[in-house]
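User: I'd like to work through a few residues in this protein. Please keep the answers short.

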Amino acid sequence: VSDPAHPHITDTLDTPGRALRIAVSDGLAAVADSNGGLRLVDIGDSRRLQAVGSLETGEAVVDVTMVGRTVAFTDGDVHLVDATDSVRPEIVSSIGGGLTGLAMNGHHLIANIDGALAVLDVSDTAHPVTVIPSGFGGTSLGSYVVSWIDDVGLIETEGEGVRVVDVSVPHAPELRAHLMDVNPVSAATVIGPMLVAAWEHSLEVFALDLPFNPEWDRVVRPPAPARSVAVSGDLAVLGLEGSQVAVVDVSNPLQPALVGTLEIPGVEAPEVAIRGDFACAWSPGGGVVFIDLDDPAEPSILIRLQLWDLSSGGVALGEGYAVVAGGEYVRVFDLTDPQQPVLGDELKVGSYARVAFHEDLVFVEQSPGVKILQVIDGQLVEQSTLSSYLSLSILRAANDRLYLYSSTRYWGPR
């Protein structure tokens with residue numbers, strides 16, 4: 001990864017089991033290889049990986065962590081290993097108990113033992129000492145995976161999100177934040193001052209360099225699960241299951257507040273867009289509903305347009321206009337009077353072509369490539385075409401970039 005834009009594989013090594021987790025330190029990799037036990041790999045030369053030592057206990061090894069040449073792995077019990085001689089690693093002590101995750105930082109090990117968080121002093125690996133025996137804040141947390149980077153511990157709990165724990169004082173860990181999402185968390189890690197959490201359908205980045213305050217409640221709980229979100233200025237609009245939208249005040253991002261909701265019959269789990277104090281919601285077969293947010297606590301429907309199938313298109317709001325893509329057309333509506341939208345320009349783009357929007361640009365799938373349109377004085381003006389030998393599908397436009405997907409692989413020098 002010396003060139004992050006062009007990472008490439010330098011070598012591979014097949015292990016006898018199923019490699020589940022890996023830890024790396026000082027040119028040595030420790031692999032939790034399931035039924036293959038613990039495997040040590042010399043990675044000093046990335047172009048020539050070399051299997052060196054191994055340990056098998058008769059049980060599946062499911063997690064591993066290491067600091068220097070001290071390795072900890074779990075097969076249900078925790079085993080501390082001296083890997084100074086990587087060819088002949090040696091188990092120096094073991095800790096019994098059902099375990100589902102562990103991490104090590106310096107001379108301390110944190111682990112989930114029998115469904116509760118434990119911190120152990122492993123400065124003497126032959127005689128580990130329990131710092132806190134069980135529980136976190138006196139609470140059993142069930143099945144979770146833990147990781148520990150610098151003084152931040154992360155507890156990833158199935159169905160319970162990510163708990164951020166300050167472990168700078170190992171004998172007195174403190175819960176600093178509890179991050180939740182509609183979907184289960186898959187993994188989380190710390191990169192510098194950022195926590196990166198992967199949920200089932202999204203990736204979120206959280207700043208950790210702000211002063212922690214356990215009294216903050218940064219979770220907004222709308223009356224139904226959120227399926228879409230759009231933000232403009234100090235307001236966010238959520239599209240909810242069950243034909244609703246919710247309005248959230250995000251003027252203080254550390255304390256977002258739910259301020260209003262609106263029922264929109266017939267628009268199931270709507271997609272949403274917002275610009276200033278004006279929003280819209282839509283769904284395939286449900287048409288487009290324009291919403292007045294002049295009073296965010298009392299959002300109201302301005303007008304509903306029974307438009308074309310929007311399953312592959314959508315709506316974007318500009319200054320005084322809306323761009324609606326659906327069926328075979330992209331259309332521009334004049335919103336000078338939001339209660340009486342006026343159809344302006346339209347362009348036929350083909351059946352169910354996917355469309356993405358960014359400011360006043362409209363990106364439309366073509367075969368092959370992508371057509372780029374710009375809204376100028378209410379007219380759709382073709383600017384250019386992105387041609388490609390690949391079949392491209394539009395994912396989204398954001399941050400001055402257009403993200404594309406191709407199901408076609410091309411093996412060659414291009």
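User: Where is Asp 295 placed?
Analyst: This is a predicted model. Strand S26 covers 287-292, and strand S27 covers 300-305. Asp 295 falls in the loop between strand S26 and strand S27.

User: Is Asp 295 buried or exposed, or partly exposed?
Analyst: Its relative accessible area is 39%. Buried means under 20%, and exposed means over 50%. The value for Asp 295 lies in between, so Asp 295 is partly exposed.

User: Which residues form the negative surface patch with Asp 295?
Analyst: Asp and Glu count as negative. The patch holds Asp 295 and three partners, named here: Asp 277, Asp 294 and Glu 298.

User: How many aromatic pairs are there, and what kind of pair do Phe 278 and Phe 290 make?
Analyst: The count is one aromatic pair. The ring centres of Phe 278 and Phe 290 are 5.7 Å apart, and their planes meet at 10 degrees. Planes under 30 degrees apart count as stacked. The pair is therefore stacked.

User: Which strands does this pair link?
Analyst: Phe 278 and Phe 290 are twelve residues apart, so the pair links distant parts of the chain. Both residues are buried. Phe 278 sits in strand S25 (residues 278-283), and Phe 290 sits in strand S26.

User: Is Val 81 buried or exposed?
Analyst: Val 81 belongs to strand S7 (residues 78-82). Its relative accessible area is 2%. The cut-off for buried is under 20%, so Val 81 is buried.

User: What is the C-alpha to C-alpha distance between Val 81 and Val 71?
Analyst: In sequence, Val 81 and Val 71 are ten residues apart. In space, their C-alpha to C-alpha distance is 4.9 Å.

Terms used:
Residues are numbered from 1 along each chain as its sequence is written. This is a predicted model: local features need pLDDT of at least 70, side-chain atom pairs count only at pLDDT 80 or more; totals for chains, interfaces and linings use all residues. Side-chain values use heavy atoms; hydrogens and water are left out. Patches are made of residues with over 30% relative accessible area and no salt bridge: like charges are joined within 9 Å, nonpolar side chains (Val, Leu, Ile, Met, Phe, Trp, Tyr) within 5 Å. Accessible areas come from the Shrake-Rupley method with a 1.4 Å probe; for residues, only the protein chains shown count as cover. A salt bridge is a side-chain nitrogen of Lys or Arg within 4 Å of a carboxyl oxygen of Asp or Glu. The place of a charge is taken as NZ of Lys, CZ of Arg, CG of Asp or CD of Glu. Helices (H or I, at least four residues) and strands (E, at least two) are DSSP runs, numbered from the N terminus. Buried means under 20% relative accessible area, exposed over 50%, partly exposed in between (1.4 Å probe, protein chains only). Rings of Phe, Tyr and Trp (its six-membered ring) pair if their centres lie within 6.5 Å; planes under 30 degrees apart count as stacked, over 60 as edge-to-face and the rest as tilted.
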